[in-house]
Each structure stands twice: as C-alpha cells, then as structure tokens.
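Q: I'd like to learn how to read the way two helices pack in a model I've just opened. Could you walk me through it?

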Amino acid sequence: MSHDPPVPPPEGPAPRTADGGVEEPGGTAPAAAEPSPGPGMRRRLLHFSLPGCWGALVLACLSFTPSLLPRGGILQGLICGITAAIGYGLGVTAAYVWRAFADRDARTASRRSWLVLLVSAIVLFGLAFGLGQFWQHEIRTLMGVTDYNVVTAVACPFVAALVFWLLLLAGRGLRRLYHWAADLLGRWIGPRAARVVGWVLIAGLAWSAFSGLLLGGFVNAANEAFSVRDTETPEGVHQPTSTLRSGGPGSLVPWDSLGRQGRVFTGSGPSAGDIGAFTHRPAQEPVRAYAGLTTSEDTETRAARAVADLERAGGFERENLLVMTTTGSGWVDPAAVDSFEYLGNGDSATVAMQYSYLPSWLSYLVDQSKARAAGRELFDAVYDTWSKLPQDQRPRLFVAGESLGSFGGETAFSGEYDLRNRTAGTLFAGPPNFNTLFREFSDQRDAGSPEIEPVYKDGRTVRFTDDPATGMPPQDRPWDGTRVLYLMHPSDPIVWWSPGLAFSEPDWIGEAPGSDVLEGMFWMPLVTFWQVTADLPFSTGVPDGHGHTYKAAYVDGWNAVMRPAGFTAQDLDRLRDIIWPER
C-alpha cells in the first residue's frame with residue numbers, strides 16, 4: 001500500500017549497516033518485501049558492525065576482572081556475553097553519534113580493519129581470560145574455596161558467544177519491529193513523528209512484555225511451585241510434643257499451617273539438656289512461636305496469632321524475648337536463634353512468622369513490601385503485649401533478622417533513638433543495601449570511617465563489623481545501654497548491590513578493600529553492576545565468614561549484644577563449634 005500523501009524519497013541512498021538495515025536509530029527502512037530465508041538471510045545474521053565489535057571486545061575483556069565472589073565458568077560466560085552485548089550496542093551508538101556530528105554516511109569496513117579486529121580479539125580476549133582465571137584463583141584462596149571445574153572454565157567462551165548472539169538477535173528483532181511500526185505509523189502521520197512514536201511504542205511494549213509477561217509470569221509460576229513445596233516437611237523434622245512450641249500440644253497454631261520452614265523452626269533446636277551440657281548449669285527448654293502463611297491471609301491477624309501462641313507458651317515470662325523477622329520463605333537461620341538460646345541458658349523465647357512462599361533471593365527482588373509489613377506488624381504486636389506488663393516482669397526484648405529479614409525488622413523503628421528506647425538489643429546480619437536505617441547509619445558515618453566498617457556517632461548505640469570476634473570499632477569508645485550490631489562481610493553482594501552501581505562508583509570500592517576482597521577490584525560503568533548482580537544468587541555458596549554466609553559470627557554477635565555473664569573465650573569457642581561444626 002502506498003503512502004497517502006506520498007512521501008518523497010530521500011536525496012541519495014540512506015546509510016545502512018552491513019546487515020541490510022538502517023544503522024541510525026532515528027531512521028526508518030524503506031518499504032521492501034521481506035527476504036525469503038536463504039543465503040541472503042544468513043549473511044544478514046552473520047554481519048556485524050565494526051565499531052560494535054570493538055565495543056563488545058573491550059567490555060567482554062573487562063568482564064573478567066574480579067568482583068566479590070569466585071565465579072564458575074558458566075557464570076563468567078553469562079556475564080561476559082551480557083557485557084559484550086552492551087558493549088556492542090554502545091559501539092554502534094557511538095559510531096552513529098560520531099557520524100551525525102561529522103555529517104557523513106556509514107562506510108563499509110575494509111578487510112584490513114576486520115583483520116586488525118580479529119588479531120586484537122584473539123590476543124586481548126586470551127589475555128583477559130588468563131588473567132581472569134588467575135584472579136578467580138586468588139579469590140578462592142582468600143575464601144578457602146577448593147572447588148574448581150576445568151570443563152566449565154573451558155566452556156566459558158562458548159557460553160559467552162551464545163549469550164551474546166541471542167541478545168544481539170533480540171536487539172535486531174526489536175529494531176525490525178520498530179521499522180515496521182514506523183512505516184505503519186507513517187501512513188497517518190509525518191515520518192519524524194512516526195519514528196519517535198515508533199520508538200516509544202516498541203520500547204513500551206518490550207518493557208511491558210518483560211515486566212508483565214516474563215517477570216510476572218515467572219514470579220507467579222515460582223510462587224505456585226514453592227507454595228506446593230511449603231506443604232512438605234523435611235526429613236527428620238517431627239511435630240513437637242512440648243507445649244512450648246507452636247504446632248505442639250495446646251498450640252493456637254496448627255502444625256499443618258506452619259509451612260515448611262515454620263515446621264523446621266518449631267520442630268528443631270537445642271533442648272534443655274543440650275543447653276545445660278554447654279553451660280554446665282540447670283537450663284530451660286526455649287519457647288518457639290511461629291505463624292505460617294496459611295495461618296491467616298492478613299498480615300496483622302497472622303502476627304496477632306503468633307503473639308497469642310507466644311503468650312500461651314509462656315514466652316513473656318522468660319528473661320529474654322527475641323522478635324525474629326524471617327527471610328522470604330519463612331526461613332529462620334538456626335545459627336541465629338540457637339546462639340541466642342544457648343547464651344540465654346534456655347531462659348528465652350523467640351517468635352517469627354512467614355510472609356512469602358518464595359526463596360530469599362527471589363523475595364529480595366519482589367517481596368520487599370511484604371517483608372516491611374511483616375516486620376512492623378510482628379514487632380508492634382509483641383510490643384503491645386510486652387509494654388502492658390509491669391516493668392519488673394518484662395523480659396529483655398531483642399530484635400534480629402538476616403538479609404531481607406533485617407529489612408523487615410528495621411521497618412518497625414524510626415531511627416537510632418527508637419531502637420535504643422524500645423529494645424534491649426538488636427542484631428542484623430547481611431543487610432541489603434536498600435535498608436532504610438542501614439543506609440542512614442552508613443551514609444551519615446563519622447568522617448574517616450570506611451563504608452565497609454562505618455562508625456556512626458562514635459559507636460554509642462549502632463556498630464558494624466565483619467567479625468565480632470575481633471572487635472567492633474570504635475573499641476576505645478563506650479558502648480553503654482542498648483546495643484545495635486550489624487554483621488556485614490566485605491564480600492557480601494547482598495550488602496553492596498544497588499542499581500546505582502551501574503553508573504556511580506560507591507565508596508566501598510574506592511576505599512581499601514576488606515580482608516576477603518581482592519585489591520585488584522575496581523569500578524567500571526555497567527560492568528561492575530552486572531558482575532555484582534551475578535554474584536547475588538551464589539552469595540551463600542561460599543564458606544562461613546564470607547559472602548552472605550553468617551553462622552559462627554552469631555555467637556560473638558549475640559555475646560556482644562546480650563552481654564551474658566559467666567562465659568569465657570574458651571566457652572565461646574566451644575559454642576562456635578556447636579553452632580557451626582563445619583568451620
């Protein structure tokens with residue numbers, strides 16, 4: 001169909017890329033019949049932009065630089081392919097902008113130019129690959145990781161090429177779709193408006209498809225799958241026979257409604273005998289209360305049910321009471337609660353509740369609002385009952401959370417004074433970078449203190465450490481009253497990842513690195529963002545004391561926050577072996 005009114009053809013041939021399309025993002029392809037599959041189509045698929053290839057080569061080589069955690073060959077290939085595709089797009093865009101300023105058309109690259117690129121690619125990529133293997137060896141040595149798969153290391157370049165090619169095809173598909181939309185719109189509006197509207201339309205459709213169909217569909221499918229898993233009970237976990245546990249005799253929360261992680265929480269843990277064997281004193285059996293996601297559809301009602309069961313079991317009559325905000329699937333780190341119970345000689349109670357079916361790494365991305373509501377509602381329900389008790393009969397009230405649980409736990413408080421006035425102590429481990437209070441304390445740290453171990457207001461209430469056994473700076477300043485402690489490893493990507501990594505260098509990279517981060521790590525736009533992003537799903541796959549793995553540190557962390565009497569350094573060392581025998 002012809003245009004009405006007809007649009008006159010441009011003067012001279014339109015600049016085109018080697019694959020047959022118009023290279024300029026602002027231009028539209030002239031109307032033409034779709035080519036039939038054959039040698040011509042294959043040539044179009046195999047043609048590349050020379051500036052784009054240079055951009056892809058540079059960013060692909062930079063992707064081998066070290067980040068926070070050791071990377072296997074498949075993961076490195078994924079990162080390399082993604083960054084190479086970004087580099088290709090940047091190279092094409094830079095060439096287009098340069099030609100626009102130079103007022104010249106695209107030219108066909110000479111055979112010699114391609115030969116220079118090929119030789120450079122072989123040399124530079126080989127050098128980057130070799131250095132990358134060396135850096136990964138250094139990181140594994142720092143963390144005590146012994147696993148190394150030669151096969152996946154060899155597969156890395158092939159995985160990178162596949163990922164790069166798939167992303168390039170997706171980009172070309174979107175460009176062809178844009179040309180089609182611009183041509184169609186050009187029948188009713190001017191060509192310039194058609195180009196602009198076409199770009200907006202295709203960009204909007206692509207984002208909607210990704211966020212709505214792909215991401216939304218993936219989250220819904222994951223939610224369905226993990227909701228089924230939530231009905232299972234792990235092997236070796238049995239319904240408690242004690243009235244001190246949710247799901248046990250007389251409990252207000254049925255065993256079947258606790259969810260998988262809730263059943264693990266109430267069906268396990270140290271007994272009075274276990275605790276007494278460690279403390280060498282008569283010990284009590286700890287109270288554990290929990291409400292699963294199916295206990296109630298409403299967060300406030302679920303929190304009220306958990307607190308009611310806590311009160312039924314006598315939790316408010318114990319010396320120490322812990323409000324624990326869980327991670328996504330309702331998981332409570334046994335190391336955090338077991339340490340609390342051992343150091344309290346069993347005279348303790350812990351309450352927690354589930355707010356999602358999704359595992360922590362996925363909840364981290366999509367369930368922040370649920371974590372916020374759960375942390376606030378649970379603490380408020382506990383505090384409401386606790387505050388009505390006579391002051392001399394109130395237990396010491398503590399708060400804790402790991403990862404997304406720390407995010408939820410923070411939301412019940414407005415700041416340092418609120419934490420100090422309404423709790424006896426707080427212990428947060430691996431706080432995500434978007435935690436409100438964590439960011440406030442870190443961003444407003446005292447001058448001269450590094451971001452990986454900040455000092456906030458002389459450490460009067462809030463302190464940070466990667467290893468509480470070695471101290472919590474500033475050690476020469478008093479730490480009286482309520483203590484708030486953040487555990488955060490320099491190599492934990494959960495702590496350091498943020499969207500701002502893409503275009504802004506954070507302080508923690510520019511400062512002296514932590515004990516388990518290579519000095520050779522440096523910030524690069526886009527590249528560092530994708531490297532740390534790729535570290536996220538594997539953050540717990542490293543030994544204790546590194547990444548997002550916090551186990552033995554809970555012993556010294558709780559010892560600092562609770563300040564129990566009668567424990568020696570040797571006792572704490574024995575408890576570390578009990579909490580984490582693999583250390």
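A: Sure, and keep in mind that this is a predicted model. Let's start with the residues that touch: from helix 3 come Leu75, Ile79, Ile82, Thr83 and Ile86, and they meet Val527, Trp530, Gln531 and Ala534 of helix 18.

Q: How many of the residues in that contact are nonpolar, polar or charged?

A: Seven are nonpolar and two are polar, with no charged residue in the contact of helix 3 with helix 18.

Q: What do people use to describe two packed helices?

A: The general idea is to give the angle between the two axes and the distance between them. Here, helix 3 covers residues 73–102 and helix 18 covers residues 527–535. Their axes come within 10 Å and cross at roughly 150 degrees.

Q: So are helix 3 and helix 18 roughly parallel or roughly antiparallel?

A: An angle over 145 degrees counts as roughly antiparallel, and therefore helix 3 and helix 18 are roughly antiparallel to each other.

Q: Is the crossing left-handed or right-handed?

A: Helix 3 and helix 18 make a right-handed crossing.

Q: And how many helices and strands does the chain have?

A: You'll find 20 helices and seven strands in it. The C-alpha atoms of the chain fill a box of roughly 95 × 50 × 45 Å along the principal axes.

Q: What share of the residues is buried?

A: Of the chain's 583 residues, 50% count as buried. As for the accessible surface, the chain has about 27100 Å², and carbon and sulfur atoms hold 60% of that.

Methods. Residues are numbered from 1 along each chain as its sequence is written. This is a predicted model: local features need pLDDT of at least 70, side-chain atom pairs count only at pLDDT 80 or more; totals for chains, interfaces and linings use all residues. Side-chain values use heavy atoms; hydrogens and water are left out. Axes are lines fitted to C-alpha atoms, for helices over the stretch in contact, and angles run from 0 to 180 degrees between N-to-C directions. Helices (H or I, at least four residues) and strands (E, at least two) are DSSP runs, numbered from the N terminus. Angles under 35 degrees count as roughly parallel, over 145 as roughly antiparallel, 65 to 115 as roughly perpendicular and the rest as oblique. A crossing is left-handed if the near helix is turned anticlockwise from the far one by less than a right angle, and right-handed if clockwise. Contact means heavy atoms within 4.5 Å. Ala, Val, Leu, Ile, Met, Phe, Trp, Tyr, Cys and Pro count as nonpolar, Asp, Glu, Lys and Arg as charged, and the others, Gly among them, as polar. Buried means under 20% relative accessible area, exposed over 50%, partly exposed in between (1.4 Å probe, protein chains only). Accessible areas come from the Shrake-Rupley method with a 1.4 Å probe; for residues, only the protein chains shown count as cover.
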